[in-house]
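Subject: Structure for you to look at

Hi there,

Here is the structure I promised to pass on. Please have it open while you read, as my notes follow below.

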Amino acid sequence: MHCAAAAMIAILWFSAAFAAQEFPTGNATVLAFDVVSIKSLAGMARARMPGARQSQGRFARAAATLRQLVQYAYDVQPLQVTGGPAWASTSRFQVDARTERTTTPAQMRAMVRQMLAERFALQVHIDVRERPIYRMVVARRDGKLGPSIYRIDDAECGGSNPQPCDLAVWPGGLTTSGMGLQQLAVALFNTSQTTGVDRPVVDQTGLAGMFGFTLMFSSFSTAPHLSNDPSIFTALQEQLGLKLEPARGPVELLVIDSVEQPTPN
């Protein structure tokens with residue numbers, strides 16, 4: 001019972017990304033781009049096209065699939081998107097959307113969601129299904145943690161409702177001066193392109209409070225022979241005293257109900 005409850009609590013992190021689902025669409029109060037250009041890449045030369053561009057007021061992708069656009073818009077990982085036609089994963093589009101407004105990252109994602117609803121007629125919903133996950137537990141039986149992690153005063157990062165003091169992630173490294181282990185579990189999966197952690201992670205260490213640490217590992221995006229660092233699984237155990245165990249549990253997914261090829265410019 002305790003494990004099931006912990007798993008259900010752990011997936012609440014995912015709800016934040018989907019909260020935007022409740023934002024109205026087709027409404028004047030919703031921020032929208034001033035200009036949107038979407039072109040199918042069928043028959044177009046892709047070699048000379050610029051890469052992805054992101055700046056205040058501009059969202060541009062040179063060769064994105066519909067699924068990749070959805071992943072950005074709803075701030076989810078690839079395996080958390082399901083449903084939709086086959087072309088959603090294969091057809092690629094050149095997207096250039098701009099606004100004169102100064103936008104925050106959250107507003108930019110909301111504007112991309114609005115664009116997908118208007119131009120692709122995208123409709124989605126949230127579903128909870130049993131999927132492979134990792135349980136994050138304390139590796140040692142005596143409960144001791146590793147040499148690279150230390151406790152900090154909760155008040156240093158927000159008191160009774162602590163938030164991460166900071167989090168820096170780069171290929172092969174992750175460091176913070178203060179965050180909870182449940183937040184670490186989220187970060188491991190949300191940075192899967194560098195960590196290689198390909199399943200949601202559920203914190204079942206039973207350890208409350210805030211911790212500072214630096215974790216060094218062999219980046220998933222770098223050829224193994226170019227790094228002397230251990231895998232993320234070994235690094236977690238040796239440096240932080242934590243272990244990821246394969247399991248199954250409830251995971252919130254974004255389900256594509258319907259989508260259409262984009263309307264012409």
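The protein has 265 residues, and 43% of them count as buried. Please keep in mind that this is a predicted model. Its secondary structure comes to eight helices and 12 strands. About 13,700 Å² of the protein is exposed, with 52% of that supplied by carbon and sulfur atoms. For contacts between residues at least 6 apart in sequence, 79% join residues at least 24 apart.

Now to a sheet that I looked at in some detail. In what order do its strands run? The order is β7-β11-β9-β8, four strands in an open sheet with antiparallel pairing. The edges are taken by β7 (149–152) and β8 (168–170); each has a single partner strand, so one side of each is left without a neighbour in the sheet. On average, neighbouring strands here are turned by 15 degrees against each other, direction ignored.

At the β8 edge, three bridges join β8 to β9 (residues 173–179) in the antiparallel sense. If you want a residue pair to find on screen, try V169, whose bridge partner in β9 is L174.

Which strands does helix α6 touch as it packs on the sheet? Helix α6 (residues 181–190) touches β7, β9 and β11 (210–216), and its direction makes about 155 degrees with that of β9. Another helix, α8 (residues 232–240), lies across β7 and β11 and runs at about 130 degrees to β11.

Finally, some backbone angles that you may like to check. Most residues other than glycine have a negative phi. Against that background, two residues are worth a look:

- D75 is not a glycine, yet its phi is positive at about 55 degrees. D75 sits in the loop between α3 (66–74) and β4 (81–83). Its relative accessibility is 44%, so D75 counts as partly exposed, the class between 20% and 50%.
- A121, also not a glycine, has a positive phi of about 50 degrees. This residue is found in the loop between α5 (105–119) and β6 (123–138). With a relative accessible area of 27%, A121 is partly exposed.

So, if you only have a few minutes, I would suggest starting with the sheet and the helices α6 and α8 that lie against β7 and β11, and then turning to the loops that hold D75 and A121.

Happy to talk it through whenever suits you.

Best wishes

Notes. Residues numbered from 1 in each chain as written. Predicted model: local features only at pLDDT ≥ 70, side-chain atom pairs only at ≥ 80, totals over all residues. Heavy atoms only, no water. Pairing = 2+ DSSP bridges. Helix = DSSP H or I, 4+ residues; strand = E, 2+ residues; numbered from the N terminus. Axes fitted to C-alpha atoms, helices over the stretch in contact; angles between N-to-C directions. Contact = heavy atoms within 4.5 Å. Buried < 20%, exposed > 50% of the residue type's maximum accessible area, 1.4 Å probe, protein only. Areas by Shrake-Rupley, 256 points an atom, 1.4 Å probe, with all protein chains shown as cover.
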